[in-house]
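Work through the exercises below with the sequence and the model side by side. Try each task before reading its solution.

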Amino acid sequence: MIWAAVVGAGVGCYLLKLAGLSVPERVLARPLVARVADLVPVSLLAALIAVQVFATDDASLVLDARAVALAAAVGLLVLRAPFLVVVFGAAVVAAVVRLL
């Protein structure tokens with residue numbers, strides 16, 4: 001049963017990729033479509049980060065080292081730090097908070 005789900009997911013991903021590649025160029029040239037296509041990955045990444053950082057334990061919200069590391073990353077981004085500095089800075093903050 002697990003392999004059927006894996007194969008089904010693989011076929012579904014392939015068909016979704018094929019559908020994206022088969023969209024006519026005139027549709028992609030529209031300004032609204034281009035703007036939405038630019039913003040969808042950002043919103044999906046933000047949703048993934050929110051789900052991973054603010055994990056729930058039963059019915060309560062859990063704030064742990066991940067939330068502090070996210071705050072540190074946001075602070076570094078506000079200071080216009082390079083991407084690698086943001087990633088490593090957040091990782092170091094998360095490690096220090098977890099050790100404490």
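**Exercise 1.** In which helix is glycine 10 found? Then classify its accessibility.

Before starting, note that this is a predicted model, in which local features need pLDDT of at least 70, side-chain atom pairs count only at pLDDT 80 or more, and totals for chains, interfaces and linings use all residues. Residues are numbered from 1 along each chain as its sequence is written, and side-chain values use heavy atoms, with hydrogens and water left out.

*Solution.*
Step 1. Glycine 10 is found in helix H1. Helices are DSSP runs of H or I with at least four residues, numbered from the N terminus.
Step 2. Buried means under 20% relative accessible area, exposed means over 50%, and partly exposed lies in between (1.4 Å probe, protein chains only). Glycine 10 has 40% relative accessibility, so it counts as partly exposed.
Step 3. Between the C-alpha atoms of glycine 10 and aspartate 58 there are 32 Å, and these residues are 48 apart along the chain.

**Exercise 2.** Which residues make the nonpolar surface patch of about 490 Å²? Place leucine 15 in its helix.

*Solution.*
Step 1. A patch takes residues with over 30% relative accessible area and no salt bridge; nonpolar side chains (Val, Leu, Ile, Met, Phe, Trp, Tyr) are joined within 5 Å, like charges within 9 Å. Areas come from the Shrake-Rupley method with a 1.4 Å probe, and for residues only the protein chains shown count as cover.
Step 2. The patch is made by Val7, Val11, Tyr14, Leu15 and Leu18.
Step 3. Leucine 15 lies in helix H1, which covers residues 2–21. Its relative accessibility is 48%, so leucine 15 counts as partly exposed.

**Exercise 3.** Which residues make up the largest nonpolar core? Trace them to their helices.

*Solution.*
Step 1. A nonpolar core is a set of buried Ala, Val, Leu, Ile, Met, Phe, Trp, Tyr and Cys residues joined through side-chain atoms within 4.5 Å.
Step 2. The largest such core has five residues: Ala69, Ala73, Val86, Ala90 and Ala94.
Step 3. At least two of these core residues come from each of helix H4 (65–78) and helix H5 (83–99). H5 gives the largest share, three residues.
Step 4. Not counting residues up to four places away in sequence, valine 86 touches Ala73, Leu76, Leu77 and Ala81; contact means heavy atoms within 4.5 Å.

**Exercise 4.** What span does H4 reach from its first C-alpha to its last? Describe its buried residues and what follows the helix.

*Solution.*
Step 1. The expected span is 1.5 Å times one less than the number of residues. H4 has 14 residues and reaches 20 Å, close to the 20 Å expected.
Step 2. Ala65, Ala67, Ala69 and Ala73 are buried in H4. The buried residues of H4 pack against helix H3 (31–53) and H5.
Step 3. Alanine 72 is also placed in H4; at 22% relative accessibility, alanine 72 counts as partly exposed.
Step 4. Arginine 80 is in the loop between H4 and H5. Its phi is near 60°, a positive value in a residue other than glycine. At 76% relative accessibility, arginine 80 counts as exposed.

**Exercise 5.** How many salt bridges does the structure hold? Name the partners.

*Solution.*
Step 1. A salt bridge is a side-chain nitrogen of Lys or Arg within 4 Å of a carboxyl oxygen of Asp or Glu.
Step 2. The structure holds one. Its partners are aspartate 64 and arginine 66, at 3.0 Å from N to O.
Step 3. Aspartate 64 is partly exposed at 27%, and arginine 66 is partly exposed at 35%.

Definitions and conventions:
Helices (H or I, at least four residues) and strands (E, at least two) are DSSP runs, numbered from the N terminus.
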